[in-house]
Structures are given as structure tokens and as C-alpha cells.
Amino acid sequence: GFFRTIDQTRGLLAYVEKRYPGAFHPELRYLTVGSRAVSSAGGLRLPSCGESLGRTLALASYLPLCGQGDTDGDGITPICCAHLDGAEQREVEAFHIAFVPGLGTRLLGTPWYGSPQLVARWADFLK
């Protein structure tokens, strides 16, 4: 659709997908880690100011990346774009470090992929 033509990555995503599809190097192990912590579903409704802001910000990011306005992700990257075909895929309950949560959300302590409790869920892959 129309929103899929708005390339938020300025061509980087298409470039990488075209030249290095999926788990490109068979001799390497791949891990992708994604999240469903932020839903963009109903992003323009007003259930509460903070919730609506978070969903609207997610919608503005998810829609151009995957063409879907009703999906989940980490607030910046939709789950459908987070995982690489052929990679081991894991999900954690995390927010993208650049995501600005809705009003009333405590920034300090908000879980992201590098939070100690979440690193423990994927770091074993590095061994």
C-alpha cells in the first residue's frame, strides 16, 4: 500500500534485504531479538492520553516499515521486521532505547534490550 512506499530507513532496509537476504552466510549463526511490548492497534483512538501517545508513535514507525498499522513491536521496530529468516528468533518484553513511552511512564527502569534482566534471555547465544 501507500504507507509501504514511505521508506523510513531511507533505502537501507531494501538495500540489505536485496543484497543479504535472510541468514546470508550459512557458516554463521544468527540471532534476532524482537519485542511486542508496544501495540500500534487503535493508535489514533484516545483510551488515555499516555496510551494513545505511545500507540500513535508506534503507528508512525510501524506503518512505513511494514505497511501495517495494527501490529506490535518495541515502539520503533515492528515485530514482523525484527526477525531474520533462518535466524534463531527470540522475543522479550522490551522497548526500543529511542522509544519515548506515553505520558506517565517512568523512563528510568523502562526495560530495553540491554537491560540486565533481558540480556540474560539472549546472551547465552554468544557462547
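The accessible surface of this chain comes to about 8000 Å², and carbon and sulfur atoms account for 60% of that. Keep in mind that this is a predicted model, so every value I give is computed from predicted coordinates. The chain has 127 residues, of which 31% count as buried.

Next, the fold. There are four helices and four strands, and from the N terminus the order is α-β-β-α-β-α-β-α. On contacts: take those between residues at least 6 apart in sequence, and 59% of them join residues at least 24 apart.

Now to β1. This strand runs parallel to β4, residues 88–91, and four bridges join the two. One of the pairings is L31 in β1 with E88 in β4. The side chains along β1 alternate. T32 and G34 point to one face and are buried, whereas L31 and V33 point to the other face and are not buried.

That brings me to S35. Where is S35 found? It lies in the loop between β1, residues 31–34, and β2, residues 38–39. Is S35 buried or exposed? S35 has a relative accessible area of 1%, and the cut-off for buried is under 20%, so S35 counts as buried.

What does the side chain of S35 reach? It reaches the backbone oxygen of V92, at 3.1 Å. V92 also appears in the list of residues that S35 touches, leaving out those up to four places away in sequence. The others in that list are D72, G73, D74, I79, E93, A94 and Y113.

Definitions and conventions. Residues numbered from 1 in each chain as written. Predicted model: local features only at pLDDT ≥ 70, side-chain atom pairs only at ≥ 80, totals over all residues. Heavy atoms only, no water. Buried < 20%, exposed > 50% of the residue type's maximum accessible area, 1.4 Å probe, protein only. Polar contact = N/O pair within 3.5 Å; in protein donor to acceptor, adjacent residues only side chain to side chain. Contact = heavy atoms within 4.5 Å. Areas by Shrake-Rupley, 256 points an atom, 1.4 Å probe, with all protein chains shown as cover. Pairing = 2+ DSSP bridges.
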